[in-house]
Amino acid sequence: MPIDPNKKNDWVIFNKGMTKEALKLSFQGNRQYTLSKDQYTATMHDNYLALSLAIRDRIVERWIMTQQGYHKKNVRRVYYLSMEFLIGRLMGNNMYNLGIEKQAADALDELELDMETLREQEVDAGLGNGGLGRLAACFLDSMASLGMPAHGYGIRYDYGIFNQKIKDGFQVELPDEWLRSGNPWEFARPENTVNVRFYGKPHIDYDHQGKAIHKWINTQDVLAVPYDFPVVGFKNEVVNTLRLWSARGTEEFDFDYFKSGDYEHAVYKKIFSENISKVLYPSDNNSQGRELRLKQEYFFTAASMSDILRRFKSENPDLNDLPKKVAIQLNDTHPTLAIVELMRLLLDEYDFEWQTAWDITTKVFAYTNHTLMPEALECWGIDLFENLLPRHMEIIYDINSWFLRTVALRYPGDNDRLRRMSLIEEASPKRIRMAYLAIVGSSFVNGVSKLHSDLLKTRLFKDFYEFYPDKFNNKTNGITQRRWLLKANPRLSSLLMDKVGDGWVTDLYQLQKLNTFKNNKAFRDRWMEIKKQNKESLVRYIKSSMNISLDPESIFDVQIKRIHEYKRQVLFAFYIISQYLRLKNSPGEFIYPRTFMIGGKAAPSYFMAKLTIKFINSIADIINHDKSVNDKIRLIFLENYRVSLAEKIFPASELSEQISTAGTEASGTGNMKFMMNGALTVGTLDGANVEMAQEVGDENIFIFGLRAHEVESLKHNGYNPQQYIDQNPMLREIFKLIQSSFFSPHDGNLFTPIVESLKTCDPFLVCADFESYCQTQDQISKMYMNKDEWAKKSIINVAQSGFFSSDRTIREYAKEIWNIPVKG
């Protein structure tokens with residue numbers, strides 16, 4: 001029924017109503033009046049847009065009211081700066097958080113449309129590479145659901161993380177055109193555009209009193225145009241904002257070039273400027289790529305700092321009060337330039353004295369570190385940095401000079417300590433240590449799991465911890481149960497609500513009530529039946545998308561994460577080969593059928609990671625075409641791993657592979673998603689696996705391998721991988737098989753780099769942990785045969801997952817770092 005524009009009630013229902021009838025009316029109205037389509041001409045994508053717009057209508061009023069409330073109360077706010085926000089699909093998440101998922105589905109049923117079909121029309125917003133970006137998205141959800149005044153800042157990449165295709169077993173990268181068909185969830189805010197400067201040179205003038213006035217002149221400018229995404233809290237009327245910046249040229253084209261017929265030069269400046277927000281993480285293996293990445297980091301931090309000060313000044317007249325109203329969290333080292341940019345603004349634009357500006361700056365910022373590997377800590381060459389940001393280079397020199405003076409006062413004569421702690425690495429060429437700058441310029445520094453935080457203090461940042469012991473703390477990562485359990489696993493969520501109520505959606509610790517049911521046979525049977533149904537759903541999806549048939553009765557053994565040597569996908573691959581050899585040579589020793597699933601993307605320039613993908617696919621090609629074994633084991637590589645695919649995988653998984661070398665993974669969040677969906681974990685005592693073992697008990701998690709201190713000791717004393725190969729017949733056989741070109745018949749040397757790396761140095765101790773890993777896997781297969789016991793362990797894992805809610809993590813940040821009040 002069409003809307004009558006003369007009837008006010010029709011418009012109220014159209015925009016606000018939360019009932020099935022109101023949503024149906026809103027859907028039809030948006031399809032007709034916004035998209036100019038009807039039921040006959042609308043495509044499925046049009047119908048997705050119409051539903052999204054209907055949902056959006058119900059968000060907007062809450063969004064405006066939330067922001068007005070923050071403004072009127074002049075609240076203290078937290079600003080979360082991150083290069084990545086892996087937000088995935090938003091329609092379903094927004095429906096759940098508004099509490100209208102069932103009403104929307106019922107409305108579509110009456111219109112003879114299917115909710116799942118419309119959901120599949122939405123393209124993942126892949127604005128992140130992995131855990132870092134997904135963590136940021138979970139944190140935004142928790143901040144909104146906790147009613148916290150919070151804003152996210154990042155980059156609106158035209159092309160996010162690449163789409164992965166597997167061709168002949170190799171990864172091929174294709175552009176992620178997530179904006180090609182439009183995006184109903186963003187609002188352009190051109191009125192808040194910020195001018196961002198690059199290059200040029202610093203210049204000093206003097207006022208009539210002889211005081212130096214610093215200026216940055218002859219710059220090349222780029223416009224940062226903001227796009228706002230609403231972040232909906234769970235059923236609490238709160239809607240926060242994620243603001244993403246898009247680069248635009250200051251001129252659309254040069255008319256003089258255009259008149260002369262030189263059309264390429266006419267638009268050159270525009271194209272050059274807009275490259276900044278074109279793609280997530282340009283390759284940094286060449287000078288142009290490194291410069292573009294540094295431009296990205298400054299572009300979004302400069303725009304964000306300008307915006308934060310604009311918002312602050314609209315409510316507060318004195319910038320000395322900035323620390324009272326503003327808390328800025330740096331999500332890893334990428335946004336560290338915000339520290340230097342705030343100093344530049346206070347010194348050059350607002351005429352603050354240096355020490356006053358520094359005191360304000362250090363009170364405002366806090367820094368989260370996400371890596372334990374020194375080579376992953378971001379550094380920028382002085383020549384590149386000084387050319388691109390000359391005024392900021394001066395400020396960094398000033399900060400370093402001040403800092404080293406304070407260190408020298410504490411440790412007089414300790415020149416080696418000064419060298420180690422300097423923000424400028426005296427290498428060739430000289431480099432700026434961005435992590436050190438983040439530590440010095442922040443009031444707090446945190447790791448993201450207990451082990452990670454301890455290792456930061458005793459290894460990576462030992463000197464800084466000794467100097468600033470009160471700055472360092474731990475905030476173990478978490479995930480939002482609203483997306484990763486309520487939305488992703490509706491069957492299990494329904495059972496949980498039936499048994500323990502719905503309080504767990506906002507207080508995950510309430511799932512501990514499940515422990516009273518773990519010994520109930522009927523409940524365990526229902527639990528396993530739901531897992532089987534989820535497995536069958538994934539089987540159907542893989543059959544339709546990959547044309548591969550899987551056995552739902554087998555163990556679904558899964559490793560999905562970014563492909564990297566330290567995450568040890570090769571160790572998992574070696575175990576799979578060992579099971580293949582066991583079936584071929586000693587079939588009586590094989591214990592239980594398994595379906596192995598591996599998914600993840602390799603950085604385009606990371607040779608060993610991309611070769612690992614080919615290695616996995618070559619193993620799969622052998623196993624899946626061998627009729628003598630493929631009814632017992634199968635291996636599939638899940639192409640183009642992304643958030644929406646993850647939501648299908650986690651509910652169906654039974655064994656979670658978290659097998660990084662101990663002391664290398666900062667935390668991990670995939671491990672938490674598996675746990676929350678009832679999968680058991682096989683892993684090392686690394687990252688958050690340590691806290692998982694503490695929560696569930698050693699008997700409900702499968703831990704193997706060297707501990708972090710044992711890894712360090714082994715490397716210190718001289719690790720020889722060949723010794724482990726010689727002592728293990730299965731490991732010798734696996735290497736022999738690879739070297740015989742069994743997995744690469746058309747290119748005998750294809751996997752030589754993997755073999756040589758493992759035999760000569762094995763930097764992540766695959767060979768050292770192989771035997772322990774295989775023994776643990778045999779225990780798992782035997783345990784799985786006792787389905788009652790397996791179900792009990794699965795129930796305990798879900799029941800004890802409360803600690804790993806991002807709500808808990810955000811409460812800790814709010815109380816211990818941001819000084820932001822949180823309800824409840």
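Two rings of Phe, Tyr or Trp (the six-membered ring for Trp) make a pair here if their centres lie within 6.5 Å. By that yardstick the structure, a predicted model, holds 39 aromatic pairs. One of them joins tyrosine 80 and phenylalanine 139: the ring centres sit 5.9 Å apart and the planes meet at 75°, so this pair goes down as edge-to-face, the label for planes over 60 degrees apart. The contact ties together distant parts of the chain, with tyrosine 80 in strand E1 (residues 77-81) and phenylalanine 139 in helix H7 (residues 131-145), 59 residues apart. Both partners are tucked away: tyrosine 80 has 1% relative accessibility and therefore counts as buried, and phenylalanine 139, at 0%, counts as buried too.

Elsewhere, ring pairs string Phe403, Tyr411, Tyr436, Phe461, Phe464, Phe467 and Tyr468 together into a cluster. Rings also meet charges. Arginine 189 places its charged end over the ring of tryptophan 63, 5.5 Å from the centre, while lysine 295 lies over the face of phenylalanine 198, with 5.8 Å to the ring centre.

On the strand side, there is an open sheet of 3 strands, running E15-E17-E16 with antiparallel pairing. Strands E15 (379-381) and E16 (424-425) take the edges; each has a single partner strand, so one side of each is left without a neighbour in the sheet. E16 pairs with strand E17 (residues 431-433) over 2 bridges, in the antiparallel sense. Across from glutamate 425 stands arginine 431, in E17.

Then there is the empty space. The structure holds 9 cavities of 30 Å³ or more, and the largest has a volume of about 200 Å³. Its lining counts 16 residues, and those closest to the centre are Ile87, Leu90, Asn93, Ala137 and Val231. Helix H4 (91-98), H7 and strand E11 (220-232) are the elements that give two or more residues to this lining; H7 is also the helix that carries phenylalanine 139. By class, the lining of the largest cavity splits into 9 nonpolar, 4 polar and 3 charged residues.

The second largest cavity encloses about 150 Å³. Again 16 residues form the lining, with Glu565, Val570, Met608, Leu758 and Val766 nearest the centre. Here the elements that contribute two or more residues are helices H24 (569-585), H25 (607-624) and H32 (752-760). The class breakdown for the second largest cavity reads 9 nonpolar, 4 polar and 3 charged.

How values were computed:
Residues are numbered from 1 along each chain as its sequence is written. This is a predicted model: local features need pLDDT of at least 70, side-chain atom pairs count only at pLDDT 80 or more; totals for chains, interfaces and linings use all residues. Side-chain values use heavy atoms; hydrogens and water are left out. Rings of Phe, Tyr and Trp (its six-membered ring) pair if their centres lie within 6.5 Å; planes under 30 degrees apart count as stacked, over 60 as edge-to-face and the rest as tilted. Helices (H or I, at least four residues) and strands (E, at least two) are DSSP runs, numbered from the N terminus. Buried means under 20% relative accessible area, exposed over 50%, partly exposed in between (1.4 Å probe, protein chains only). A charge sits over a ring if NZ of Lys or CZ of Arg is within 6 Å of the ring centre and within 35 degrees of the ring normal. Two strands pair if DSSP finds at least two bridges between them. On a 1 Å grid over the protein atoms alone, a cavity is a set of points where a 1.4 Å probe fits but cannot get out, and a pocket is an open set with protein on both sides within 12 Å along at least five of seven lines; lining residues have an atom within 4 Å of a point. Grid points are joined across faces, edges and corners, and a volume is the space filled by probe spheres set on the points. Ala, Val, Leu, Ile, Met, Phe, Trp, Tyr, Cys and Pro count as nonpolar, Asp, Glu, Lys and Arg as charged, and the others, Gly among them, as polar.
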